[in-house]
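Here are a few friendly notes to read with the model open beside you. Please take them in order and check each one by eye.

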Amino acid sequence: MLKRAYFLLFVFFIAGSVNGQYFETGQDPASIRWRQINTENFQLIYPEDFENQAQRMANVLERVYEVGGQSLNHKPRKISVILHTQTVKSNGLVAIAPWRVELFTTPHQSIYPQDWLEQLAIHEFRHVVQTDKISESLPQIIKLILGQQGMALVTGAYLPFWFLEGDAVVTETALSETGRGRFPSFLIETQAQVVEKGAYSFSKAYLGSYKDFVPDHYKLGYYLVGGARNYFGANIWEKTVSNVGKKPFSLTPFKSALKANTGMNQKQLYEFVFDSLKTSWINSDKSGHFSSGLEISKPAGVYTNYQYNFNVGTDSILTLKSSFNSLSKFILIDSEGNEKGIFTPGYIFDESVEFRGNKLVWSEHVPDIRWEHSGRSLIHILDIKTHIKQSFFSEFKGFSPAISPDETKISLVEVDFANIYYLSIYDLKSLTLADRFQLKDNLFLFTPKWLNNNELVLIVLDSNGKSLARVNISDGSMENLTDNSLGDIKHPVVKNNLIYFICSYSGKDDLYMLNLDKMSIFRIFSSRFGIEYPAISQSGNEIVISNYTSDGFRLISVKNEKEKQEPLSSVKKGDFQLAERMASQEPGVINFNNTDTTNYQSEKYSKFRNLIHFHSWLPAYFDVGSYDIKPGISFLSQNLLGTAETSFGYKYDISEKSGKVFGKFTYKGWYPMIDIEVTDGKRKSEYYSIIYYTDQNNQVIRIDTTTTEFNWTETTFDLGIRLPLTLSRGKYHRLIQPEVKFELTYRRNANDQPDYFTVGNITSASYRLYFHQILRKSYQDLVPDFGIVTDLFYQHSPGSDLELGNLMSAQMINYFPGIKRNHGLVIYNGVQKRKSAGGYAFSDNIRYPRGWSKYLNNFMYSFSASYKFPLICPDFSLGSLVYLKRIKASFYADYAYHEGDIYHMGEITGSFADSFSSYGLELTGDMHFLRFYAPVDMGFRIGYLPEVKQMDYGFLLSVDFTSF
């Protein structure tokens, strides 16, 4: 019973903390007209201009449905699939409460050799199988109490993310000819770390580190899920997941189920699998024959990558440097390793940087001003000599720009909203579209490079994989230069009549060269773990490449010696043993070429009729903003497009012994967001009254104070309108949000109320203007190096039967760099002026010095300075109880000055003007409890209040659920 009580308490608090499981990824433009296709197992919801691809996707999903859940022995219920086609993001996810799939349909330039929509279908469907299998196994009482939230909570709390993603990666690999399990750039991070640094503790391998680079849970999960299937059979995870769902009241059901089926817990399974991998990888490393080179980049002390390499003159390399402790920056590095900063870009798309002459060109993601599921590609051209920068937006989503040899044209890979792929040519002088080609069969294109002013070399993807091809822009004709046997191909570089490229033919990413005169291929560099981004010298005798190590991609220089070149025929084709063993446990590779071409009926999807979609309920009332939990019941709705959130129910106030019905509605489908809340019910309170007892001469002989209870009926109506406008560009996050709120309270049916209690309308209106411009943070930064946040606010009570006065405030936060890297100084200034009325006043809107209680005032100025810095990254694990990643400190000094009135018996008897302050230290740690993936920031504050000569102590706690 104790475990069950603990579980229910945990459910209530977690449910509220994630806002009733309202997980929405954003909104699509309001102008989109939506359609739907209903198959036997899927409802596809998509923009009308995606009709052809949606029909194809419906067939692909039905084909995946036949085999995608076999190793978990489950075929899931019908599910909705929403296709986001206007975003420049490339992703997919399965969300719970409401349960649905969201697919971002634009492919990126670094996908493995399989159609993007097919990749998404296999991987995300596996998540559908996982979550539905958990739901099927749950006791009926969980579903009755919580609805879909029960499935969400058990999945999120009990199934580790390494399993969820690892199982999906294993499935995508086993059911295709490719998948990330056959993708060397996916695998090398773990191998390099284990060979060079050894296997980390399980907590560190799963939960990460701020000190060392740790491959993510996709990679960890692939080896753990695949290793367990290899040793214990294909059904090991089917039995484990089934047991988890059947025991939701257990605190550690996954541990118990894993132990029952393998004899090991998570940590023991990790050590068992990685002991074997370590032995195999070290032996392979010792016996391997790989090329070497002269390292150019100097040791950095933290994980650092040098990528996108280009020769500048004869002694410098232009490259993009990124590291744990600084933002990505284009730099020049000479042969001695000396570095010179050039420019800090924004979010660069994969494989979207090129250099020619003195011009550096790249494609950057610019978010839409309002819609998260939209955005554009901004092409930048920077002359590194004159520092003159030009920019233009591509017409469609544009990636991988390249400048022609005569520097008059820029080529782009473009993708329109219907997933039609183009090779586009823009005029470099006017920055306008000059020509556009679509290749036969709508082949997807990668990294075009100019062979001459009329021809480009690029990588094309068809149903059999990737190959090199040549395109003539005079007539749009294409000639294949290689077949599809090379595996993953990337980073082509043209030098004279030679094409250098990276490919995975040997099982690792090595450097090859194609001679266009002889049409022969040679391997010219064999990597230890993997290499990227070759930069060929003018003579072709020297090559600078990014060579992967456990500390990141380092720059090395190698000789291009003809006698060491190996013909492709002498290179042993690599194999991926774990991937092949996983494939042997499945019914076979899905052949999408033979997928049925059923033409499903398509119909309009009404945004209005599907505005409400109830998915869950909760036997309580929980206010996320105030963490207020009350007895009651809540019903929760979120529509599938993520534009409308609705909740209603009943909440009971124990202290007042009365309750209210409530309803909330938020709509995000228009440019402004609208929030509406209505409550109605009984209220109770009490007041003190004085009773005078007199004698026969009317003299007071005794005075008693008594408490009198009174009650009334109250209806409240809140209306809020806000307009979040994203203005982010380059290295800065920018947001401006005007906001208006109107609150109306109507009191009636009051009984025995005191004289000061007002019956009738009480209104409040507030107006807010928020703005921030903040520099992006590096991974190790505690706060941004630069930034400003401003918040202007005004509140009053127009037309109210009860005058509340008014309140106006202004707040500003400034961020500055500290004396050392990853240190930061935060300065806060706030000022407010308040007019009280009849003893009533609006609540404070600016910060008080830490440790002080609030006091009614008419004017207040507040100042705070905090110097934040990391102390140590211990990566310390106390079993499975706690994993401590980082300890941070913050010295602070707070000050405030305020003025106000002094009251006695409700009357103003004087005024005051006073200042008060505090200073001290906050010490917190970034940690994980019970290996739960959401990090906890916990610690304490110790301060001093000089005006009263007292110490102040405080407990600090926050949980970051956005890390999921």
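The points below go from the interior to the surface and then to the cysteines.

1. A word on the source before anything else: this is a predicted model. Please keep that in mind for each point that follows.

2. Let's begin with the interior. The largest nonpolar core has 143 residues, and the ones with the most contacts inside it are L44, W162, W237 and F501. Helix α3, spanning residues 116–137, gives the most to this core, with nine residues.

3. A second core, separate from the one above, has 15 residues. Among them are Y308, L332, I384 and Y533.

4. W237 is a good residue to click on. Which residues does W237 touch, leaving aside those up to four places away in sequence? The list is L72, W162, F163, L224, V225, A228, R229, F254, L258 and L269. One of these partners, W162, is also named with W237 among the residues with the most contacts inside the largest core.

5. Now to the outside. F876, L878, L881 and L930 form a nonpolar surface patch, and together they have about 410 Å² of accessible area. F876 sits in strand β47, which covers residues 876–878. Because its relative accessibility is 45%, F876 counts as partly exposed.

6. Finally, the cysteines. How many disulfides does the structure hold? The number is zero. Is C503 buried or exposed? C503 has 0% relative accessibility, so it counts as buried. C873 has 19% relative accessibility, and since buried means under 20%, C873 counts as buried too.

Definitions and conventions
Residues numbered from 1 in each chain as written. Predicted model: local features only at pLDDT ≥ 70, side-chain atom pairs only at ≥ 80, totals over all residues. Heavy atoms only, no water. Disulfide = S-S within 2.5 Å. Buried < 20%, exposed > 50% of the residue type's maximum accessible area, 1.4 Å probe, protein only. Core = buried A, V, L, I, M, F, W, Y, C linked by side-chain atoms within 4.5 Å. Helix = DSSP H or I, 4+ residues; strand = E, 2+ residues; numbered from the N terminus. Contact = heavy atoms within 4.5 Å. Patch = residues over 30% accessible without salt bridge, like charges linked within 9 Å, V, L, I, M, F, W, Y side chains within 5 Å. Areas by Shrake-Rupley, 256 points an atom, 1.4 Å probe, with all protein chains shown as cover. Salt bridge = Lys/Arg side-chain N within 4 Å of Asp/Glu carboxyl O.
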